[in-house]
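Grab a pencil and work through these exercises with the model open beside you. Try each task before you read its solution.

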Amino acid sequence: MSEILLDVQHVKKYFPIKQGVLLRTVGHVKAVDDVSFTLKSGETLGIVGESGCGKSTLGRMIMRVLEPTDGKILFNNQDITHLKGQELRKIRSQFQMVFQDPYSSLNPKMTVEQILAEPYYVNKIADWKEAKERVGPLLTRVGLKETDRSKSPSEFSGGQRQRIGIARALALNPSLVVADEAVSALDVSIQSQILNLMRDLKEELNLSYIFISHNLSVVKHISDRVGVMYLGNLVEIGSKRELYKKPLHPYTQALLSSAPEPKRNVKREKIVLKGEVPSPANPPSGCPFHTRCPYVMGICKEVRPILKEVSSEYSVACHLHH
Ligand code: SF4
């Protein structure tokens with residue numbers, strides 16, 4: 001686990017706010033605002049944060065579904081930030097996405113065989129007959145039966161549908177899978193089955209994951225490292241063990257304080273944050289967390305703290321630690 005597979009450098013995504021008859025741009029929603037991190041080959045990086053923090057927008061930029069406003073994304077040392085057309089198609093098979101709601105991402109009019117054979121056929125890897133032959137092993141790999149191939153997505157449970165979503169993502173042998181709230185819609189018992197499946201597949205196929213979720217327990221279960229996002233910013237990133245044991249950023253501390261400890265079923269002393277998350281259309285000056293931070297200082301209102309390494313491979317964006 002040493003080569004850098006993905007290198008995200010100062011990536012931003014600003015969505016214009018248009019107004020008036022002429023639809024003039026009157027401002028921007030800063031959904032992702034200068035985020036940098038790396039992902040090693042074979043590693044699982046969890047990205048956690050509340051709804052609206054920019055984590056899904058970040059995932060979609062990595063998948064090249066959304067164009068970054070600024071910054072660079074390197075995949076296997078290749079700059080993919082603005083790849084288009086044929087060049088993008090060539091590399092796209094190497095990174096795939098698993099969505100929250102497998103049902104809406106699976107065409108209900110197609111059989112599972114058609115859904116899973118399609119990527120091989122569309123990418124000219126196999127003719128239709130050969131593509132269909134590849135479906136059986138794919139189904140068994142994700143814990144479904146070969147005979148399931150003739151069913152439609154509506155005949156499966158939520159967990160089984162997510163297995164189909166994972167099978168489709170794996171069809172083209174990707175090296176990176178971005179999973180966006182991949183188990184959020186499932187019952188807790190089914191969640192752990194899918195997480196265990198993803199963990200086994202990672203070992204078997206040497207995959208790397210970016211695992212995006214609002215659920216700290218789910219992220220803890222599957223990740224090697226964890227990054228915490230707040231208002232479009234990455235505020236803390238490091239090993240799962242360190243981050244869950246001794247979080248440094250006041251926002252991470254507050255998030256973890258309200259998450260139940262799954263093993264002991266106890267809560268840490270709860271830190272209640274004042275106020276609401278500010279709008280990404282009008283973020284605060286200085287530290288984006290300063291309007292809610294219990295430790296706010298004068299400098300926090302003026303100077304935005306940058307993400308700085310405070311120990312080996314552990315970084316935090318907070319003036320308390322710089
Ligand atoms: Fe709180 Fe200041 Fe740190 Fe921001 S920089 S998290 S406001 S102490």
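**Exercise 1.** Which residues of helix 11 are buried, and what do they pack against?

*Solution.* Start with the burial list for this predicted model. In helix 11, the buried residues are Pro250, Tyr251, Thr252, Ala254, Leu255, Leu256 and Ser257. Next, set that against the length of the helix: it spans residues 250–257, and seven of its eight residues are buried, so helix 11 is largely enclosed by the rest of the structure. Finally, look at who the neighbours are. The buried residues pack against two helices, helix 9 (216–222) and helix 10 (240–245), and against two strands, strand 9 (225–230) and strand 10 (233–239).

**Exercise 2.** Find where the ligand sits, then sort the residues around the ligand by class.

*Solution.* First, the location: you'll find the ligand in the largest cavity. Second, collect the shell. Four cysteines belong here, Cys287, Cys293, Cys300 and Cys318, along with the histidines His249, His290 and His319. The rest of the shell is Pro250, Pro305, Phe289, Tyr295 and Leu320. Third, sort them: nine are nonpolar, three are polar and none is charged. Did you spot a familiar name? Pro250 is in the shell around the ligand, and Pro250 is also one of the buried residues of helix 11.

**Exercise 3.** Lysine is a charged residue. Work out whether Lys202 and Lys40 are buried or exposed, and what their side chains reach.

*Solution.* Take Lys202 to begin with. Lys202 belongs to helix 8, which runs over residues 188–205. The relative accessibility of Lys202 is 8%, and the cut-off for buried is under 20%, so Lys202 counts as buried. Now follow the side chain of Lys202: it gets to the backbone oxygen of Gly42 at 3.2 Å. Skipping neighbours within four places in sequence, Lys202 is in contact with Gly42, Glu43, Thr44, Leu207, Tyr209 and Asp224.

Then do Lys40. You'll find Lys40 in strand 2, residues 24–40. With a relative accessible area of 17%, Lys40 also falls under 20%, so Lys40 is buried. The side chain of Lys40 makes a polar contact of 2.9 Å with the side chain of Glu313.

**Exercise 4.** Which phi values are positive at Asn76 and Glu181, and are these residues buried or partly exposed?

*Solution.* Begin with the general rule: most residues other than glycine have a negative phi. Now check Asn76: its phi is near 50 degrees, a positive value in a residue other than glycine. Glu181 also has a phi near 50 degrees, again positive in a residue other than glycine.

Where are they? Asn76 is in the loop between strand 4 (70–75) and strand 5 (78–79), while Glu181 is in the loop between strand 7 (176–180) and helix 8. Last step, the surroundings: Asn76 has a relative accessible area of 39%, so Asn76 is partly exposed. Glu181, at 9% relative accessibility, counts as buried.

**Exercise 5.** Describe the setting of His10 and of His28: which element holds each, and which residues does each touch?

*Solution.* His10 first. His10 lies in strand 1. Leaving out residues up to four places away in sequence, His10 touches Asp34, Val35, Ser36, Asp70 and Gly71. One of these gets a closer look: the side chains of His10 and Asp34 make a polar contact of 2.8 Å.

On to His28, which is in strand 2. At 34% relative accessibility, His28 counts as partly exposed. With the same neighbours in sequence left out, His28 touches Tyr14, Phe15, Pro16, Ile17, Pro280 and Ala281. Now pick Phe15 from that list: Phe15 and His28 are 13 residues apart along the chain, with 5.3 Å between their C-alpha atoms.

**Exercise 6.** How far apart in space are the C-alpha atoms of Gln19 and Ser189, and which residues does Gln19 touch?

*Solution.* Locate Gln19 in strand 1, residues 4–19. Along the chain, Gln19 and Ser189 are 170 residues apart, and their C-alpha atoms are separated by 47 Å. For the touching residues, ignore those up to four places away in sequence: that leaves Arg24 and Val26.

Notes
Residues are numbered from 1 along each chain as its sequence is written. This is a predicted model: local features need pLDDT of at least 70, side-chain atom pairs count only at pLDDT 80 or more; totals for chains, interfaces and linings use all residues. Side-chain values use heavy atoms; hydrogens and water are left out. A residue is near a molecule or strand if one of its heavy atoms lies within 4 Å of it. On a 1 Å grid over the protein atoms alone, a cavity is a set of points where a 1.4 Å probe fits but cannot get out, and a pocket is an open set with protein on both sides within 12 Å along at least five of seven lines; lining residues have an atom within 4 Å of a point. A molecule sits in a cavity or pocket if more than half of its atoms lie within 2 Å of its grid points. Helices (H or I, at least four residues) and strands (E, at least two) are DSSP runs, numbered from the N terminus. Buried means under 20% relative accessible area, exposed over 50%, partly exposed in between (1.4 Å probe, protein chains only). A polar contact is a pair of N or O atoms within 3.5 Å; within protein, one must be able to donate a hydrogen and the other to accept it, and residues adjacent in sequence count only if both atoms are side-chain atoms. Contact means heavy atoms within 4.5 Å.
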